[in-house]
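Here are some notes from a pass through the model, written up as numbered points. Have the viewer open while you read.

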Amino acid sequence: LCLKILGNFKLSLAVSGQRKMAEIGEREETIEGRNVGAMWDLEQKLDQPMDEEAHKLKNMQKEKGLSTLMLLRLAFQSLGIVYGDLGTSPLYVFYNTFPDGINDTEDVIGALSLIIYSLLLIPLIKYVFIVCKANDNGQGGTLAIYSLLCRNGRLKLIPDQQRSDQELTTYGRTFLPEGSMAAKTMNWLEKKDSRKRALLIIVLVGTCMTIGDGIFTPAMSVLSATGGIKVNNPQMSSDTVVIVAVLILVGLFSMQQYGTDKVAWLFAPIVFIWLLFIGGTGLYNICIYDTSVLKAFSPTYVYMYFRRRGRDGWVSLGGILLSITGTEALYDDIAYFPLLAIQLAFTLFVFPCLLLAYCGQAAYLVKNKDNYANAFYESIPGTAVAVVMLVTTVLMVLLMLLVWRCNWFLILVFTVLSLMVEGAYFSAVLLKVNQGGWLPLVIAAVLLVVMLVWNYVKIKRYEFQVHSKVSMSWIISLGPSLGLVRVPGIGIVYSELASGVPHIFSHVITNLPAIHSVVVFVCVKYLPVYTVPEEERFLVKRIGSKTFRMFRCVARYGYKDLQKKDDDFENKLFNNLFSFIQMERMMEPVSNSSNSSSASICSQPHQSREVLINNNDMDMFSSMVDYTVSTLDTIIPLDIPINAASYYPDRAVGEEETNELEFLKSGRDSGVVHIQGNTVVKARRNSSLPKKIAINYVYAFLKKICRGNNVIFNVPHESLLNVGQVFYV
C-alpha cells in the first residue's frame, strides 16, 4: 500500500512537473513573441523615413519672371545653340531626296510639299508646342520623360522611393483618381518588373540613338557646309574639303569649355545671319524663277508624289527626313533656355526662314533640274533620328495618359498622326541602312549593352545591401559606447540605404576595437529629378539618444547635379548637421513634453548595466538588451574612472552635458574619416559565359573608369577608409 501511494505521488509529481514545464514553455514562447514584436516596433521607430524632416525644408527662392527684353535676348541666343542642325538641313535635303537626278519637275513640288508638312507637323506642332512642355524643370529628352513617369508611379527598378522625396520643390507629381484609365494603366505597369524593364529599355534605346545620331550630326553639317567650296573650285579634291571640315570641328569643340553663354553669343549672330540669308535667297529665287512652287502648300501634291513615283517615292523619304534632323536636339537643348524663348525663336524666325529656303531651292530646281547636286555634299543617312522620334512618341503617349491626364481622343489623335508620319520615315530609312545608316545603329547598340549591364549590376548591388544591412535596434542594444572604445573624431559612413545600418559598418565594429566618438551615416541618393535645390539637399536626423552621438543624413541629388565635383560636400554636411542640432535644441521642450520626437527614442543613459528604451510597450525588450550588454561588460567594464571621461564622454555619470556643438567641432578638429564600401562584383562560377563577360569584364572596366563618391566629393586620400566586400551575382 505504501509503495502504491508512493508511486501515485511520484506520478502526480511527474504530471504536475510536465504541466509546469508546458506552462513555462508557453510563457517563454509568449515572451519570445513579445520580444520579437518589441524588436520590430523598435526597428520601425528607429528607421522611420525622414518625412517630418523633409516637410520642414522650404524652398524660399521664388521663380522670377522674365522681362520682354530678356526674353527676346534669350530667344536670340537660342539660335546659336538649338537651331544649328535644323538651319543647315537645306544644304543636303534635295540632293539626298533625288540622288539619281530629277526626272519630272512635278516631283520637286511633291518633295517640297512633304518638307513643308514635315516641318509643320513634327518640329512646330509636335515638339515646340507639345513635347517641349513635357520637360522636367526645364530639362528635355527621353530621360526627362522617364523621370516624370517614375515620379508619378513606382516604375523604378530600384525601390528607394520615399515619401520625403515628394516634399522637394522640383519633384512635382500628380495623383491619379482611383478607377480611372490612367490609374489602371499605372497599376498594370507597376505590377511586374518585366514591364518596368521594358519601359527602361525603350528609354535607353532612345537615349542611345540620340547619342549615336549626335556623333555624326556635327560632321554632317560641317561637311555639307564646306562642300559648297567646290562649287566655285571644281578642281578642289574631296580630301581638302574633309581637312577643312576637321579643322572647323576641332575649333568648334575647343570652344565648348567656355560655357553655353559665351558659345551662344558667338554663334547666335552667325546662325541669325545664315537663316536670314537663306530665307532672303529663297524669297529671291521664288520671285525670279517660279512662284508656282507655292502650290506645294496644298497636301494633294503629297498624294500625287507617291502615286507618281511609287516605291522610289517611298525610299526618298529618307532624304526628306533630313529636313527635320535636329528636332530631337531641339527638345534636348531646352535646358539652356526658357521654353517661351525657344517657341518664339522657332515660330517667328526659324520656321519662316526654313520654309522660304526650301521653297526657293524648289523654284530653282524646277528651272534647273540638272543642277541638283552642285550645291550639296553627299551625306550619311541621319537612321537613328527616326528611332528617337518613335521612342519619344511612345513615351509621350504614356506621359499624356498618366501625368497630364489628357482626354483619350486627343491622345488618340496625337498617336495616330505621329505614328503615321514617323512610321513612314522609319520604314523608308530602313531601306538605306546599308548605305551608311548602320553605323549610328551599331554605336547605339553598343551603348545600350553598356547601359543595361550597368543598370543590372546596380540593381543587384542594391538588393545585396538591403539584404545584408544590420538592424538599427542591434546597434542601439550595444549601448552608447557601441561595445567599443569611442575615440575622438568623426566617422562618416557612406551607404546607398536610407534606412538601416550598412553591412560595412558592422564589419568595421566587429574587426576594429575602436570607433569614432561621432558617427554619421550618409546616404547619397539620386532622385528622378533634374536638380535638388541646395537648401533642400540634406535631411538630418538623430539615431538613438544624444549619448550615442550618431546621426543619419540623406544627401539628395538630381541626375545633373553631379556633372561637376561637389568639392565643398564635407562643409555642407557639417553645416546642416550643426543647423539640425541648433533647431533640435530650440524645439527640445516641445519634444520632451509630447514625447514624439524621433531623437528621443532612447532617452535614458546606460545605467546599471541596462539599456532602457523610452517606450511603455517595451518592458520585455530591456531584458533582451541586458544579456547583450552584460556580455560586453566582461570586455569593457562599465565602471569607468573619471580620468577616462575624455574617451568616454557619454559614460560620465553625474557630469553636466557639454555643449554638443562644441563637442562636434572638437571632434571635427580631431579628424574626419570617410568610410565607404569597395564592393567587388563577380559572376558566380556556374554563370553563363555572356554573364561572366558582362560582369567580370564589362562592368569591372566601367566601374574602374567611373568616379566614386570619394572623387565626386573631393575626399582626401589620407581621410579615406575603404572596406572591401565581394558580391557574387
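A polar contact here is a pair of N or O atoms within 3.5 Å, and within protein one of the two must be able to donate a hydrogen and the other to accept it. Keep in mind throughout that this is a predicted model.

1. **Q139 and its polar partners.** With that definition in hand, look at Q139, whose side chain makes a polar contact with the side chain of K560 at 3.1 Å. The Q139 side chain also has a polar contact with the side chain of Y530, at 3.5 Å. As for location, Q139 sits in the loop between helix 6 (105-128) and helix 7 (142-151).

2. **Surroundings of Q139.** Is Q139 buried or exposed? Buried means under 20% relative accessible area, and Q139 counts as buried because its relative accessibility is 3%. Setting aside residues up to four places away in sequence, Q139 touches A144, I334, A335, Y530, Y559 and K560.

3. **The sheet.** There is an open sheet of 6 strands, ordered 3-4-2-1-5-6, and the pairing is mixed. Strand 3 (538-543) and strand 6 (720-728) are the edge strands; each has a single partner, so one side of each is left without a neighbour in the sheet. From one strand to the next, the twist averages 25°.

4. **Strands 1 and 5.** Going by the order, strand 1 sits between strand 2 and strand 5. Strand 1 (residues 485-495) and strand 5 (residues 672-682) run parallel and are joined by 4 bridges. If you want one pair to click on, I492 has H674 in strand 5 as its bridge partner.

5. **A helix across the sheet.** Which strands does helix 22 lie across? Helix 22 (residues 503-511) lies across strand 1, strand 2 (514-526), strand 5 and strand 6. Relative to strand 6, helix 22 runs at about 115°.

6. **Strand 3, an edge strand that is buried.** Don't let the edge position fool you. In strand 3, 6 of the 6 residues are buried, so the strand is largely enclosed by the rest of the structure. In a regular strand the side chains alternate between the two faces of the sheet. Here both faces are covered: F538, V540 and R542 are buried on one side, and L539, K541 and I543 are buried on the other. Note that an arginine and a lysine are among those buried residues.

7. **The hairpin of strands 3 and 4.** Strand 3 and strand 4 (residues 550-557) run antiparallel, with 6 bridges joining them. One of the bridge pairs is I543 with M550 of strand 4. The hairpin has 6 residues between the strands, and G544 takes a positive phi near 75°.

8. **R549.** Still in the loop between strand 3 and strand 4, we find R549. R549 has a relative accessible area of 6% and is therefore buried. The C-alpha atoms of R549 and S517 are separated by 6.8 Å, although the two residues are 32 apart along the chain.

9. **Helix 3 against two partners.** Two packed helices are described by the angle between their axes and the distance between the axes. Helix 3 (residues 68-81) packs on helix 17 (residues 339-367) at about 70°, with the axes 8 Å apart, so the two are roughly perpendicular to each other. Their crossing is right-handed, and the contact is made by L71, L74, A75, S78 and L79 of helix 3 with L340, A341, L344, A345, F349 and V350 of helix 17. Against helix 12 (residues 260-288), helix 3 packs at about 85° with the axes 6 Å apart, so this pair is also roughly perpendicular. On the helix 3 side the meeting residues are R73, F76, Q77, L79, G80 and I81; their counterparts in helix 12 include W265, F267, P269 and F272.

10. **Helices 6 and 13.** The axes of helix 6 and helix 13 (residues 300-309) come within 8 Å and cross at roughly 130°, which makes helix 6 oblique to helix 13. The contact is made by E106, D107, I109, G110, A111, S113 and L114 of helix 6 and Y301, V302, Y305, F306, R308 and R309 of helix 13. This crossing is left-handed.

11. **S418.** Last stop: S418 lies in helix 19 (residues 408-430). S418 is buried, at a relative accessible area of 8%. Apart from its neighbours within four places in sequence, S418 is in contact with K126, T393 and G423.

Methods:
Residues are numbered from 1 along each chain as its sequence is written. This is a predicted model: local features need pLDDT of at least 70, side-chain atom pairs count only at pLDDT 80 or more; totals for chains, interfaces and linings use all residues. Side-chain values use heavy atoms; hydrogens and water are left out. Two strands pair if DSSP finds at least two bridges between them. Axes are lines fitted to C-alpha atoms, for helices over the stretch in contact, and angles run from 0 to 180 degrees between N-to-C directions. Contact means heavy atoms within 4.5 Å. Buried means under 20% relative accessible area, exposed over 50%, partly exposed in between (1.4 Å probe, protein chains only). Angles under 35 degrees count as roughly parallel, over 145 as roughly antiparallel, 65 to 115 as roughly perpendicular and the rest as oblique. A crossing is left-handed if the near helix is turned anticlockwise from the far one by less than a right angle, and right-handed if clockwise.
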